[in-house]
Amino acid sequence: MWQQQELRLAPRSRGFHLITGEVTSALAELREVRVGLLHLQLLHTSASLTLNENADPDVRHDLDAFLRERIPGDLPYFRHTLEGPDDMPAHVCASLLGTQLTLAVRDGKLALGTWQGIWLGEHRDQGGARRLIATLQGE
């Protein structure tokens, strides 16, 4: 079985946001898969996807603070500045963290570790709505 759909994520503030529940609730067919894979591809170059801590929101805050400190918008060698001082740092963050995840599916659920969740990294001050392609394969 193959299934693919596009998910639209509401605009979010800059930072990291736990979206596991939003993704899984949008994929009704996920409950029918005994064994398979879910591939998620974010259709943007200034946001990211990553798998990390799902319980303590301080982890999301701390990773955002770490990236903001190391990739500020005022680096003198950035030439791509027409879209604002937050744009080039957002591209760097998206490239470092990535825009795709492939996750195992087992018995109708994502096979995640106890403390793992899907994060959307919004790296722009005003990133807007984000689109995600979800491709589910399994039996």
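Let's start with the charged side chains: in this model, 10 salt bridges are counted. Keep in mind as you look around that the model is predicted. Side chains of opposite charge can pair when their charged atoms come close. A few of these pairs make good stopping points.

Begin in helix H2, which spans residues 57-70. Here arginine 68 and aspartate 64 join their side chains in a salt bridge, with N and O 2.8 Å apart. Both residues belong to this helix and sit four residues apart, about one turn of the helix. How do the two partners differ in their surroundings? Arginine 68 has a relative accessible area of 36% and is partly exposed, while aspartate 64, at 13% relative accessibility, counts as buried because the limit for that label is under 20%.

Next, move along to arginine 70, which makes a salt bridge with glutamate 69; their closest N and O atoms are 2.5 Å apart. Glutamate 69 counts as exposed, since its relative accessibility of 59% lies over the 50% cut-off. Its partner, arginine 70, comes out as partly exposed at 47%.

Now turn to a pair that links separate stretches of the chain. Aspartate 87 and arginine 124 form a salt bridge whose closest N and O atoms are 2.9 Å apart. Aspartate 87 is part of helix H3 (residues 87-97), whereas arginine 124 is in the loop between strand E7 (116-122) and strand E8 (130-138), so this pair ties together parts that are 37 residues apart in sequence. Are these two residues buried or exposed? Aspartate 87 is buried, with a relative accessible area of 1%, and arginine 124 is buried too, with 14%. The pair also belongs to a wider arrangement: Glu83, Asp86, Asp87 and Arg124 are linked in a network of salt bridges.

Finally, take a look at threonine 24, which you will find in helix H1 (residues 20-26). With a relative accessible area of 22%, threonine 24 is partly exposed, because the buried class takes in values under 20%. Which residues does threonine 24 touch, leaving aside its neighbours within four places in sequence? The contacts are Leu30, Arg31 and Leu110. Within its own surroundings, the side chain of threonine 24 also reaches the backbone oxygen of glycine 21, at 3.3 Å. If you would like another reference point, threonine 50 is 26 residues away from threonine 24 in sequence and 15 Å away in space, C-alpha to C-alpha.

Conventions. Residues numbered from 1 in each chain as written. Predicted model: local features only at pLDDT ≥ 70, side-chain atom pairs only at ≥ 80, totals over all residues. Heavy atoms only, no water. Salt bridge = Lys/Arg side-chain N within 4 Å of Asp/Glu carboxyl O. Helix = DSSP H or I, 4+ residues; strand = E, 2+ residues; numbered from the N terminus. Buried < 20%, exposed > 50% of the residue type's maximum accessible area, 1.4 Å probe, protein only. Contact = heavy atoms within 4.5 Å. Polar contact = N/O pair within 3.5 Å; in protein donor to acceptor, adjacent residues only side chain to side chain.
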